[in-house]
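Work through the exercises below with the sequence and the model at hand. Each task is followed by a solution in steps.

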Amino acid sequence: MAGAIAAGNAVVVKPSELAEASATFIAETLPKYLDSDAVAVVEGGPEETTELLKNKFDYIFYTGGTNVGKIVYSAATKNLTPVTLELGGKSPTYIDNTVDIEVTTKRILWGKFINAGQTCIAPDYVLCSREVQDKFVEYAKLILKEWYGEDPQKSPDLCRIINSRHYSRLQALLNASKDKVAIGGKSDPQDRYVSPTILTNVSPDDKIMEDEIFGPILPIVPVDNAYEAIKFINARAKPLVLYVFTQSGAVRRSLTDNTSSGGMCINDTMMQMGVDTLPFGGVGNSGLGAYHGKASFDTFTHKKSCLIKNFAAIGEKLASGRYPPYTDGKLSFISMLMRKRHGPSLKYLPYLLTFALGASVAYGITVWQKMGGEEL
């Protein structure tokens, strides 16, 4: 919104109805501080959103799930309205055996369990060898106990699932993965609580691997090496972020060069969001377009090209080859002018000087004649 306003636009803000408290706060707070002619807030659910999208906007920016993103994109096409879609998806995390496993585990768990995993850039699943998996789980038990205590449900630092529908979805994933639980796996429907959960030895065909998890459940899929990880990632929809933990330059380059994702973060999670010079956005199913920092300003700016020319006679003489009748001489001259050059070339300098001298003499004679042949 800040980028859109900075670029000279008025905006309509439609907060998500799923986050009721945040939507209410936005609707009550923005009008207190921002001009209502520049910023308007519209509340409501799918029905209100559908009506809103029928209007002709200059630009539509949407962040949310892929399914709703497709609906927004479809509505935008009716008015040929450009869009930015920041959607999400199953962001993979690859770990090899060169890392500091304790620090790696902390950084991945921190990124995964912020807001109970309900962020678009949360690490969705881990790819690593079985040896690394065992070390990861060993450290995860100690770290989670240190962060959230013996009973994470009582921790003031662990939030709840946004609504009952999403809780039920996560509970169904837990029920389908009971035999894979290495840590956690507990839940409470009255509290909409799901404990920080790690699943091990997960199969690519397991239910947990079908869609974005968007919750505090972290599956680990064993792979033997980076080559297998690349094959696994490329066999699925392009993610919003790819996280890679390695101290090997060759492994880092291999994953960077041979996968496609909205962005990457090496040896950390989430921190790429804090770098305002890095454009943020997805690719394919994970989104379209990018924003953050100056990229937000550019997103909401139309770059209008404008060429201004004068009526100088010498310029018109040089450009006269574009006018009929066309001759081989005119074609050769225009081709020479349009030829790409990789540096200064003096090959045609005599011809250009001769042409310019002739044009200047002709122009001077014309002026002299118009003045009656008097001395200048």
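**Exercise 1: one helix**

The buried residues of α4 are G69, V72, A75 and A76, where buried means under 20% relative accessible area, exposed over 50% and partly exposed in between (1.4 Å probe, protein chains only). The model is predicted: local features need pLDDT of at least 70, side-chain atom pairs count only at pLDDT 80 or more, and totals for chains, interfaces and linings use all residues. Residues are numbered from 1 along each chain as its sequence is written, and side-chain values use heavy atoms, with hydrogens and water left out.

Task: Determine on which side of α4 the buried residues lie, and what they pack against.

Solution.
1. The buried residues cover an arc of only 125 degrees around the axis, so they are on the same side of α4; the arc is that of the directions from the helix axis to the C-beta atoms.
2. An α-helix has 3.6 residues a turn, so residues three or four places apart point the same way.
3. On the other side of α4, N67, K70 and I71 are exposed.
4. The buried set packs against α3 (46-53), β3 (60-63) and β4 (83-86), with contact meaning heavy atoms within 4.5 Å.

**Exercise 2: helix length**

Task: Check the span of α4 (residues 66-77) against 1.5 Å a residue.

Solution.
1. Helices (H or I, at least four residues) and strands (E, at least two) are DSSP runs, numbered from the N terminus.
2. The expected span is 1.5 Å times one less than the number of residues.
3. For the twelve residues of α4 this gives 16 Å, and the end C-alpha atoms are 17 Å apart, which agrees.

**Exercise 3: the sheet**

Task: Give the strand order of the open sheet of seven strands, then place β11 in it.

Solution.
1. The order is β7-β10-β11-β6-β5-β12-β13, with mixed pairing; two strands pair if DSSP finds at least two bridges between them.
2. The edge strands, each pairing on one side only, are β7 (181-183) and β13 (263-266).
3. β11 pairs with β6 in the parallel sense over three bridges, and V126 stands opposite I220 in β11.
4. Strand β10 (residues 197-199) also pairs with β11 in the parallel sense over three bridges; here T197 stands opposite I217.
5. Five of the six residues of β11 are buried, so β11 is largely enclosed by the rest of the structure.
6. Three bridges join β5 (residues 92-95) to β12 (residues 241-245), which run parallel; the bridge partner of Y94 in β12 is V244.
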